[in-house]
Structures are given as structure tokens and as C-alpha cells.
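Student: I am new to this structure and would like a close look at a single part of it, the surroundings of the ligand. Could you take me through that part slowly?

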Amino acid sequence: SRSIRLAVIPGDGIGREVVAQGLKVLSAVLPSDVKLETEEYDLGARRYHATGEILPDAELASLQGHDAILLGAIGDPSVPAGVLERGLLLKLRFAFDHYVNLRPSKLFPNTATPLAGRPDIDFVVVREGTEGPYTGNGGSLRTGTPNEVATEVSVNTALGVERVVRDAYERAQGRPRKKLTLVHKNNVLVYAGQLWKSIFDRVGREYPEVTTDYLHVDAATIFMVTRPEQFDVIVTDNLFGDILTDLAAAVTGGIGLAASGNINPDGAFPSMFEPVHGSAPDIAGTGKADPTATVLSVAMLLRHLGYEAEAARIETAVAEDLAARDGAAPRTTDETGDALALRVTG
Ligand code: IPM
Ligand code: MN
């Protein structure tokens, strides 16, 4: 019989609340012959304050033994900015070589967005996940003086760029429109821009059916608002991808719907699925958090593990649920989870 060994990191703030709903829908959608084994990891602000630990090696090793990881959110105002983000979230992405950070955007019905009612917005950002300015390759000279100089170097390797670009071409090739847009800033970031562009062009010769396009990142933000239907697959570096996917979420239904997968396509390490949103400490514990982004991340997790039918059932349930919500009273986190769990079984 089949089984899923799932590691669960609820994390901070609303992370625990939304993850509970994700697991609820996961249990509801799985066929009865699939055995779901979850192991929860106590990582995040609570653990850090209690023990000083962020991500001990033993836990990293234990996480590695799972088929996938479901993560809620990391970060808390009681911990200095960056400590948990770097020590936990980014450490996981780097340690498990999550070089494809996959962030789909689709305009669902009845969503409060400036683009509501526009048809055919359905694109996916393939954000590089292990390089760029996220590598921690920086420093400061004459720190704290009026003459301080701080650098944060963006690291781009030919191998790192090629593997993510190739993944993006594969995804574009598999979609009806077969279009791939490279987003960078090669008019200013000359060396990194040239590396990305030359690899993008070279790999593209192996995918003659894929139509390609290049946009500077600043222009891409304009088109994401004015002509989002022109995008199919976007490939970009770690930092541009971070910024662009928050914008993409905002224009296509809000951060409450944005799902993501930190993928290790080689399968050497477990991939990790998480909502794009953060821990939202301001609404933690109020029951206001929308668990839909986490539920959609569960759908991505299922698709990654080969459960395509179940993934599609979740996505249909979310679309139906949003369509049915026109003008309805706000629901609690738990009520939304219940509604989605009911739809995937019904
Ligand atoms: C995201 C987040 C993270 C990132 C932060 C919390 C380190 O913004 O997943 O988009 O920058 O990648
Ligand atoms: Mn972000």
C-alpha cells in the first residue's frame, strides 16, 4: 500500500493555524489506501526562546528522511529580523537544494483584486531558490561609522542558473501556451545579467517550441499589473522572484491565496511546500487567517508526489469555494478549512 511520510513545521504566528487546515484537507482528500504519517517539528520563535536552538543538525537529518515538508510560516517580532528567516527557512532551502521555488498565480473567481474579472490570468514564476543575494555573501566595513560600506553580493553560478532555466523550459514546454519569459536587469547588472541571458538563449535552442521573451524586472512589474495575461512561465533570480511573486499574489487574489513549493527536482532531498505569506503576528490567534494558500500548497505537494487527481480535486474545491463566497460573511480559519475539506470529499 502507498504511504506519505510528511514532516510538518507549523512555525510561528498564523503558521500553526493554517497548517492545521492544510492537514485537515489533506486527510480528507487522500484515498483510504494511502497511509499518511506526519511528524511535527517544533521549530521557530517558541523553540528559539526556550532553548536557543534554531535548526539543530539532528533535526535537519531527521527532516531529510521524509517524502515532503509542509511549512506554515517563520518569523516573529520577538526575534531580531533575519535570525529565524536565515537560520531556519533559508537554511532548509539551501540544505535541501530547493533550487526551484515554484510560485503559481491564477485569478480565482470572486477575489478582491484590482484585476477581478479579467480572464486567463494563469502564470507561474520559477524563482531560483539557492543563489543570488540570498547566499549570505556580504559584509560591512567601518561598521557603525559615517563611512560604513555594506555589500551583499549576488552569487550566480553557471550550473545554478542552467538547472533552474532548464526546469523552467520543461515547465513551459508542458503548458498549452509554451511561453517563457526571463526577468532580470541586464541593463545594470551586467555580469549576472549576461550569464542568465546567455544560458537562457543557449538552453532555449533545445526547446524550439517554446516562445521566449526577456523583460527587465522594473518593466515586468508594470506588465504584471497592466497585462498579466501575457505571462505563462517566468524564470528569474532569487531576489527578483521574491519581489515579483508578492506582486503577483497581490494582483491575482491576494496573499491569502498564494501557494508555493520549494522543489528539489532531482529528488535527492524532500521538497517543501508553504504559503507565500508570512507569520502575520498581528492576526495570529484571532481566527482571521485565510488557510487557502496553505491548502493550495498541499495541492502542490500532492502533485509533486504524484497524486495528480487529488491535487486537482483540491484546486477545484478552492475555485468552487471562492465562487460560492460572493458576498458571504467572513469565515474563521477553521470554517474555511472545514468548507474545503467537505468539498474535496463531496
Ligand atoms: C518568501 C519570504 C522569504 C524570502 C523570507 C521570509 C526569508 O519572503 O518566502 O518569499 O525572502 O524568500
Ligand atoms: Mn517573499
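Tutor: What follows describes the residues around the ligand, then the annotated binding site, and then the domains. Please keep in mind throughout that this is a predicted model. Ligand 1 is surrounded by G75, E85, L89, L90, D242 and V276, and by class this shell has three nonpolar, one polar and two charged residues. The largest share of the shell, three residues, comes from helix 4, which covers residues 83-95.

One member of the shell, D242, also appears in a record: an unreviewed UniProt entry places the feature "binding site" at D218, D242 and D246. Although these positions span 29 residues in sequence, no two of their C-alpha atoms are more than 14.1 Å apart, so they gather at one spot. D242 is found in helix 8 (residues 238-251), and it is partly exposed, because 19 other C-beta atoms lie within 10 Å. D218, by contrast, is found in helix 7 (residues 217-226) and counts as exposed, because it has 12 C-beta neighbours inside 10 Å.

Turning to the domains, the domain assignment gives domain 1 (1-101 + 260-346) and domain 2 (113-252), and their contact takes 11 residues from domain 1 and 13 residues from domain 2. On the side of domain 1 that touches domain 2, helix 4 and strand 4 (100-106) are the elements that give two or more residues, and helix 4 gives the most, with three residues. The residues of that side divide into six nonpolar, three polar and two charged.

Technical notes: Residues numbered from 1 in each chain as written. Chains lettered and ligands numbered in written order. Predicted model: local features only at pLDDT ≥ 70, side-chain atom pairs only at ≥ 80, totals over all residues. UniProt positions renumbered as here; feature names shortened; annotations may be inferred. Helix = DSSP H or I, 4+ residues; strand = E, 2+ residues; numbered from the N terminus. Buried ≥ 20, exposed ≤ 12 C-beta atoms within 10 Å, placed from the backbone. Near = placed C-beta within 6 Å. Nonpolar A, V, L, I, M, F, W, Y, C, P; charged D, E, K, R; others polar. Domains from an automatic or database assignment. Contact = placed C-beta atoms within 7 Å.
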